[in-house]
Amino acid sequence: MERCGPLKMLKSRLELISSAFLLLALVGTTAGFSPPQSAPQGQRWFEDVTHKAGINYRHHSRHFNNEFSEIMQGYTKLGASVAVADYNGDGFEDIFVTDSCATCKNHLYRNNGDFTFTDVAEEAGVAAGNDEENASAGALWLDFNNDGRPDLFVVRFGHSILYENLGNGKFRDVAKAAGLDSYLNAIKAIAFDYDNDGYVDLFIGCYFQNISLFHPTTSRFFPESFETANNGGGVFVYHNNGDGTFTDVTQKVGIRTSGWTLDLGHGDANNDGWEDLYVANDFGTDRFFLNNGNGTFTDKTETAVGFDTKKGMNADWGDYDNDGLLDIYVTNITDDYMREGNFLWHNNGNLTFTDVSRETGTYDTGWGWGGKFFDYDNDGWLDLYVVNGWVSAGPESYVPDVFAMVTKPGIDLADARNWPPMGNKSLSGYEKKKLFHNEGGHFFKDEAARHGLDSTRDGRGIAVADFDNDGRLDLFVTNADDEPFLYRNILPTGAHWIGFLLEGTKSNRSAIGAQVRITAGQKTYLRYVNGGNGFGGQSTTRVHLGLGQNTRIESVEISWPSGLKQKLPGLPIDHWYQVREGQSTKNIHPWKPKR
């Protein structure tokens with residue numbers, strides 16, 4: 001047996017201490033000071049248009065009113081989330097943003113078509129979401145009834161809300177009728193059709209176990225362990241019955257995990273036509289579930305990625321090296337006192353993944369949160385934007401307080417009473433966001449400072465969308481207890497692109513899970529439609545591909561969830577195309593919004 005010397009004991013203790021820090025990942029404090037920003041170099045390709053566009057809200061943390069309130073403040077530093085969809089069908093993508101305080105309203109920003117937005121949440125009926133018994137934590141657009149109108153699921157600590165889109169700019173709450181009114185401490189939801197029956201199903205990730213955070217009856221509701229905790233909320237799976245209702249099939253489908261879930265991400269890891277699932281757990285190992293194609297999943301964590309003791313907070317899928325296989329990016333924690341590092345799981349093509357984050361330069365992003373693949377310069381390679389930072393407050397550090405706690409003999413970490421209040425102290429604060437430019441699929445270079453995307457606000461969620469339909473992908477970024485950012489992509493013209501709005505007929509109408517393979521310059525690129533991957537954010541369901549200097553494409557093949565493979569001839573580039581499943585190619589023409 002290996003002896004545990006003083007240095008190793010110290011290292012283990014430091015790792016234990018730093019692991020504890022994420023437990024309070026929602027601490028509600030306001031910024032007290034800010035170190036100087038670095039000066040950008042070179043031409044910027046993003047413009048901050050937040051206020052000019054009419055985005056005039058800021059996020060507010062939830063403050064709990066109970067005997068544990070000073071500690072429970074720590075759990076309100078989340079809830080700053082964003083979800084994108086064209087809810088009114090006018091061809092311009094709109095933005096839903098959550099707030100968290102008990103009296104705060106959520107926001108639905110209607111896209112006016114000129115890169116300005118109007119908050120219509122109150123008149124649409126979706127502003128409610130916070131009260132004394134519920135707190136908004138996330139949001140997801142999904143067309144649960146296949147009527148072509150995106151419906152809205154507001155993820156909450158408490159009872160989540162399912163808003164049905166009525167098609168006249170109005171929504172109504174149908175959660176109870178749909179069977180989705182259970183009390184859950186939900187923090188993330190994604191939607192995809194796991195059994196390919198033509199309707200998207202709902203996967204909900206929960207952080208805390210199923211107790212009331214507003215009126216806890218016990219003080220022992222913190223993680224039992226930093227590495228192997230199994231007393232978290234886990235994952236719930238709701239099967240869409242196709243009649244406006246859902247059924248809880250969690251145990252039936254084989255999704256058995258009780259870790260402290262922060263994010264869910266889906267993708268077809270082995271290109272067999274069935275969507276697989278990655279679960280990013282804060283406390284407790286991440287999990288990888290293989291879709292068996294018969295309505296069940298098998299836990300393949302051990303062979304696919306191995307068991308880990310890191311603090312998973314993001315799960316996004318994308319083919320970063322253009323080898324035709326979807327890879328996975330997971331954020332963890334990398335700081336002076338905790339060198340976990342992120343995962344960039346390279347897909348080996350045999351249902352195993354290899355972490356290449358160190359080799360590619362994507363390992364260190366500080367205290368990571370949302371991370372999204374997208375091609376911001378239209379060169380055909382997926383880049384990565386990562387937001388980070390936990391609590392940016394006063395100059396005093398919270399580390400000594402936690403150190404003093406965890407070094408007490410026999411400390412019960414599950415007991416909230418043992419945790420020191422954070423007050424106005426900082427921890428992993430004022431961390432710069434990262435924009436990793438993909439250098440040909442081999443490594444990434446941070447270009448955030450150059451493009452003005454390296455803010456030190458405490459970032460949480462990211463939504464990627466082309467808000468003005470010009471073929472350049474824009475960004476919406478949420479920040480905890482602060483204003484968000486709306487960045488307009490002003491990349492100079494010259495790099496070409498093509499994009500698709502897919503509509504299923506036999507497949508689910510939103511075409512979630514559809515894969516698009518585009519051949520240009522004798523190279524084939526894979527992109528797909530996902531149903532909400534990425535912590536604290538849902539990006540566009542449109543398929544976008546940068547073509548670089550290619551002036552033509554040779555072919556397009558769409559693999560629909562129904563199993564249909566639809567081939568299209570070379571299409572004129574620099575256009576969006578709307579494609580219905582099985583549609584005749586002679587009826588496919590460049591698409592433009594209705595106004």
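Here is a short tour of a predicted model, going from its cavities to a sheet, a helix and two loop residues.

**Stop 1: the cavities**

Start with the empty space inside. Rolling a probe the size of a water molecule over the atoms shows where empty space is left. Searching the whole structure this way turns up 5 cavities of 30 Å³ or more, and the largest has a volume of about 330 Å³. To find that one, select Phe 373, Leu 382, Arg 527, Tyr 528 and Asn 530: of the 23 residues in its lining, these are the closest to the centre. Then colour β18 (316-318), β24 (368-374), β33 (523-528) and β35 (543-548), the elements that each give two or more residues to the lining of the largest cavity. What is the lining of the largest cavity made of, by residue class? It divides into 11 nonpolar, 6 polar and 6 charged residues.

**Stop 2: the sheet that includes β24**

Keep β24 on screen and add its partners. Four strands form an open sheet here, in the order β24-β25-β26-β27, with antiparallel pairing. The edges are β24 and β27 (443-446), each of which pairs on one side only. Going from one strand to the next, the twist averages 25°.

Now zoom in on β26 (residues 434-439) and β27, which run antiparallel and are joined by 4 bridges. Pick Asn 438, and you should see Phe 444 of β27 standing opposite.

**Stop 3: helix α8**

Next, select residues 399-406, which make up helix α8. Show the side chains of Asp 401, Val 402, Met 405 and Val 406: these are buried. Turn the view to look straight down the axis of α8. The buried residues fall within an arc of 125°, so they line one face of the helix.

**Stop 4: two positive phi values**

Most residues other than glycine have a negative phi. Two residues here are worth a click with that in mind.

Follow the chain out of α8 into the loop between α8 and β26, where you'll find Ser 428. Ser 428 isn't a glycine, yet its phi is positive, at about 50°. Is Ser 428 buried or exposed? Its relative accessible area is 10%, so Ser 428 counts as buried.

For the other one, jump to the loop between β14 (261-267) and β15 (276-281) and select Asn 271. Asn 271 has a positive phi of about 55°, again without being a glycine. With a relative accessible area of 32%, Asn 271 is partly exposed, whereas Ser 428 is buried.

Key: Residues numbered from 1 in each chain as written. Predicted model: local features only at pLDDT ≥ 70, side-chain atom pairs only at ≥ 80, totals over all residues. Heavy atoms only, no water. 1 Å grid on protein atoms, 1.4 Å probe; cavity = no way out; pocket = protein on both sides within 12 Å on 5 of 7 lines; lining within 4 Å. Points joined across faces, edges and corners; volume = space filled by probe spheres on them. Nonpolar A, V, L, I, M, F, W, Y, C, P; charged D, E, K, R; others polar. Buried < 20%, exposed > 50% of the residue type's maximum accessible area, 1.4 Å probe, protein only. Arc of directions from axis to C-beta. Pairing = 2+ DSSP bridges. Axes fitted to C-alpha atoms, helices over the stretch in contact; angles between N-to-C directions.
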